[in-house]
Amino acid sequence: MKIDWAALGSVFGVSLVITVALVGLFTLGIVGLSKQESASATGGSAPLARTGAYACFALCAAAVAYGIYLIVA
């Protein structure tokens, strides 16, 4: 059995980068929703924060769906 260490390393690197990016994107969505909550608590309105949060969550869902598509196809 021969292991292609370069391919294994590249898969590890890409997986690590994508995982960190998805976690960061999801965190931005949560921060956007918390900003929207704090703005509404003080009497203000923050539709941009809510829209940005929903966009972050939609991008996360799209990335997960694409990953599932790659595995299934």
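# Close-ups of a two-helix model

**View 1. Ile 3 and the nonpolar patch.** At 40% relative accessibility, Ile 3 counts as partly exposed, because that class lies between buried (under 20% relative accessible area) and exposed (over 50%), with a 1.4 Å probe and protein chains only. What you're looking at is a predicted model, where local features need pLDDT of at least 70, side-chain atom pairs count only at pLDDT 80 or more, and totals for chains, interfaces and linings use all residues. Residues are numbered from 1 along each chain as its sequence is written, and side-chain values use heavy atoms, with hydrogens and water left out. Ile 3 sits in the segment before helix H1, which covers 5-41. Together with Met 1, Trp 5 and Leu 8, Ile 3 makes a nonpolar surface patch of about 570 Å². (Patch members have over 30% relative accessible area and no salt bridge; nonpolar side chains, meaning Val, Leu, Ile, Met, Phe, Trp and Tyr, are joined within 5 Å, and like charges within 9 Å. A salt bridge puts a side-chain nitrogen of Lys or Arg within 4 Å of a carboxyl oxygen of Asp or Glu.)

**View 2. Stepping back to the whole chain.** Two helices and zero strands, that's the protein's inventory. (Both are DSSP runs numbered from the N terminus: helices are H or I with at least four residues, strands E with at least two.) Its C-alpha atoms fill a box of roughly 65 × 25 × 15 Å along the principal axes. The radius of gyration is 18 Å, whereas a compact globule of 73 residues would come in near 11 Å; the radius is taken over C-alpha atoms, and the globule rule is 2.2 Å times the number of residues to the power 0.38. Just 11% of the 73 residues are buried. Carbon and sulfur atoms hold 76% of an accessible surface of about 5600 Å², worked out by the Shrake-Rupley method with a 1.4 Å probe, where for residues only the protein chains shown count as cover.

**View 3. Phe 26 meets Phe 57.** The structure holds two aromatic pairs. In the pair shown here, the ring centres of Phe 26 and Phe 57 are 5.1 Å apart and the planes make 55°, so this one goes down as tilted. It ties together distant parts of the chain, with Phe 26 in helix H1 and Phe 57 in helix H2 (residues 47-72), 31 residues apart. (Rings of Phe, Tyr and Trp, the last by its six-membered ring, pair if their centres lie within 6.5 Å; planes under 30 degrees apart are stacked, over 60 edge-to-face, and the rest tilted.) Phe 26 is partly exposed at 41% relative accessibility, and Phe 57 gets the label partly exposed at 22%.

**View 4. Gln 36 and Ala 49 across the helices.** Gln 36 belongs to helix H1 and is buried, with a relative accessible area of 13%. Setting aside neighbours within four places in sequence, Gln 36 is in contact (heavy atoms within 4.5 Å) with Ala 46, Ala 49 and Arg 50. Ala 49, over in helix H2, is partly exposed at 21%. With its neighbours within four places left out, Ala 49 is in contact with Gly 32, Lys 35 and Gln 36. From Ala 49 to Ile 30, 19 residues apart along the chain, the C-alpha separation is 10.0 Å.

**View 5. Tyr 54 and Ala 58 on helix H2.** Tyr 54 is part of helix H2 and partly exposed at 49%. Its C-alpha atom lies 6.7 Å from that of Gly 29, although the two residues are 25 apart along the chain. Ala 58, found in helix H2, is partly exposed at 45%. C-alpha to C-alpha, Ala 58 and Gln 36 are 17 Å apart, with their positions 22 residues apart in sequence.
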